[in-house]
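The following exercises ask the reader to work from coordinates to a description of a fold. Each task is followed by a solution in steps.

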Amino acid sequence: MDSRRICLLIFLLSSLFAWNATSSAAAAATGTSTATRPNPFTPRAAFVRYWKAQVSDDRPPPAFLLSKASPLSAAAYALLAKLAAGNSLSSHLRLFCSLANLFCSFDEDSRSTQNDLDEDANFAVYSNKRFASYGTDRVGGADSFKNYSEGLNKPDFSFKKYTKDGSGHSEGFASYATDGNVANGSFASYGFGANGGSGEFKSYNWRVNVPNLLFTTYDSDGNNHKLSFASYSDDTNSGSQSFTSYAKHGNSVPTQFATYGDDSNTIASTFTGYGLLGNAGNDTFTSYGGTANNPHSTFKNYAAGGNSATESFTSYRNGANVGDDSFQSYARSANSAKTTFASYGKSFNPGNDTFKEYGKGSKGKTAIEFKSYSVDRTFKEYAQKGVTFAGYSNVTSEAKPSSPSSSTTSGNSVNGWVEPGRFFRESALRPGNVMQMPDIVDKMPGRSFLPRAIASKLPFSTPQLREAKELFHAGEGSATERVILNALSECERPPSRGETKRCVGSAEEMVDFAASVLGSGITVRTTENVNGSKRRVVIGPVRGINGGEPTESVSCHQSLYPYLLYYCHAVPKVRVYEAEILHFVGRSKINRGVAICHLDTSSWSPDHGAFAALGSGPGQIEVCHWIFENDMTWTVAD
């Protein structure tokens, strides 16, 4: 330990001792206990004073909000504020993260390795292992990874040269790394040179925060090794996947991506050299990125030089919000390639798509078909010799969305799976009603707000990206870098039409934003606990906030970042309810839930999961949902 750290620790300990001695002497003189006299110089005490000054309601800040305020002692607060003012926090990151209750270990990994096993394996409820050269040269056999790393915080796994040169070897990944936080997966040379067999990824990284997945030379030189990705990275937050040299030189390698990245938030996928020089490849992307928020996909040299490759994009990014796709040198110099884009990118908000050298120099009967592709798209310079654009239907921005009953409704609306209980009608909130409670458990790591005096001095903008990466020791291409980039992307995104939003990293900032929208007479609510999550429950007494009349609210949702960061936005024309949640058996009270009902859904996408669950369309019904653990909604105080 260097001399500076020793001095820091001595300063902290001596300051804490001085405060305890002083407060104990004061307590002895007055006859009161130190437990009832909190230090007035802590950030938490300062927030209580700020609340009283800014909020006209006489009630103190709710306990759940106060618990998120910075836990720093007065001495630690003074020390870290001084380091922040001098831009020196990066040199003391471990101390900073520990004292301030931050989460700064996105890139830490385990080093255990599982090598060269030559038998069928069943990995159930298995976690954080590395499989190097696993199944190499295997003939036949099957491996099953079921409930792998489920529910773990920051699962880490590596499959290097898995099933390399195997023959007829099948792998199944079911419920892989579900509900984890910051999953890091590496599949290097996976299925390299495999002959036959199959790999299935089902419910892979479902509801994971910041999945970081790398498939390098995946199925390269494979022969008819079938791959299936079903419900891959669904409901994830700010994920990143990279498929490099995927199925390169493959022979008749079929790949299927079904509901890939559906309902995800800012998923970034890169397909580099995908199907390069492949022979008779057959890839299907079904409901890829559907209803996702701002997905980014890049296809570089996809199927370039391929022979008789067939790709199908069905309901790809349909119903997504914005989105950004890039197809570079796609099917370039291919021989008799066939690609179909059906219902591609019919986004809620227009996305940004780029097709560079798409199909350029192709030979034989290369056909590119675009059906019902997005809004106001043109394909200049892409109709190269040998490439036909058949049946292209440009849906203009003036076109009205079809109703769910229409024959043109995408399969995403009809067949999309939505977690039971995630959305419901207002009529369900009546005493005695039995309903399914969705998973309301917060999957993000525990963190605290920073004091505003410290948060305001930290870099948090795209122009300050280099400084932000230096502060949190984020290497190039690291999971921490992606966490920072995704948070900046979300917070710097221009507001939608009529939207008011702000990202806040301190409790004071959250109060300021809520008061700027609703006035000073405000209060904040959240669901009391997670009891009843994923179970059938009974609704007890129900109370409508503001007398059950329509009102405006400010909803705040967590964003993943080293310190506690919330994305807050104004939500007009809602009704907010508090309802007692009763146990299904015995009818005892187990929770007090907060629900919000959106009364105007006319601007929502026809493919929104709520309409798939409730069987209606935009503007036709109200949609309600619970406020999940650690989310919150602000309203005018009753």
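The exercises below treat the overall fold, two helices, the nonpolar cores, one strand residue and the aromatic pairs of this predicted model.

**Exercise 1. Overall description**

Task: Determine how many helices and strands the protein has, and what percentage of its residues is buried.

Solution. Step 1: the secondary structure consists of 11 helices and 30 strands. Step 2: of the 638 residues in the protein, 51% are buried. Step 3: the exposed surface amounts to about 26500 Å², and carbon and sulfur atoms supply 50% of it. Step 4: among contacts with a separation of 6 or more, 75% join residues 24 or more positions apart.

**Exercise 2. Helix geometry**

Task: Compare the expected span of helix α4 with the distance between its end C-alpha atoms, and do likewise for helix α10.

Solution. Step 1: α4 covers residues 74-85; at 1.5 Å a residue its 12 residues should span 16 Å, and because the end C-alpha atoms are 16 Å apart, the two values agree. Step 2: α10 covers residues 507-518 and also has 12 residues, with an expected span of 16 Å; its end C-alpha atoms lie 17 Å apart, which agrees. Step 3: the buried residues of α4 are A74, A75, A76, L79, L80, L83 and A84. In α10 they are A507, E508, M510, V511, F513, A514 and L518. Step 4: an α-helix has 3.6 residues a turn, so residues three or four places apart point the same way. Step 5: after α4 comes N87, with a positive phi near 55 degrees, and after α10 comes G519, with a positive phi near 95 degrees.

**Exercise 3. The nonpolar cores**

Task: Identify which residues of the largest nonpolar core touch the most other members.

Solution. Step 1: this core has 35 residues, and those touching the most other members are L80, L89, F96, L450, F472, Y561 and Y563. Step 2: the elements that give two or more residues to the core are α4, α5, α7, α8, α9 and β27. Step 3: α9 gives the most, with 6 residues. Step 4: apart from this core lies another of 22 residues, which includes A69, A507, V524 and C568. Step 5: beyond four places in sequence, L450 touches S70, F96, A100, L102, A455, L458, G505, S506 and Y563.

**Exercise 4. The surroundings of V554**

Task: Decide whether V554 is buried or exposed, and state which residues it contacts beyond four places in sequence.

Solution. Step 1: V554 belongs to strand β26, residues 551-559. Step 2: its relative accessibility is 0%, so V554 counts as buried. Step 3: beyond four places in sequence, V554 contacts F513, A514, V517, L518, C568, H569, A570, M632, T633 and W634. Step 4: for V554 and L518, the C-alpha to C-alpha distance is 8.0 Å at 36 residues apart in sequence.

**Exercise 5. Aromatic pairs**

Task: Classify the pair formed by F449 and Y566, and explain why it ties together separate parts of the chain.

Solution. Step 1: the structure holds 9 aromatic pairs. Step 2: the ring centres of F449 and Y566 are 5.8 Å apart and the planes meet at 45 degrees, so this pair is tilted. Step 3: F449 lies in the loop between β22 and α7, whereas Y566 lies in strand β27, so the pair ties together parts that are 117 residues apart in sequence. Step 4: both F449 and Y566 are buried. Step 5: W604 and F611 also form a tilted pair, with 6.0 Å between centres and 50 degrees between planes. Step 6: W604 counts as buried at 19% relative accessibility, and F611 is buried at 4%.

Key
Residues numbered from 1 in each chain as written. Predicted model: local features only at pLDDT ≥ 70, side-chain atom pairs only at ≥ 80, totals over all residues. Heavy atoms only, no water. Helix = DSSP H or I, 4+ residues; strand = E, 2+ residues; numbered from the N terminus. Expected span 1.5 Å × (residues − 1). Buried < 20%, exposed > 50% of the residue type's maximum accessible area, 1.4 Å probe, protein only. Contact = heavy atoms within 4.5 Å. Areas by Shrake-Rupley, 256 points an atom, 1.4 Å probe, with all protein chains shown as cover. Core = buried A, V, L, I, M, F, W, Y, C linked by side-chain atoms within 4.5 Å. Phe/Tyr/Trp six-rings, centres within 6.5 Å; stacked < 30°, edge-to-face > 60°.
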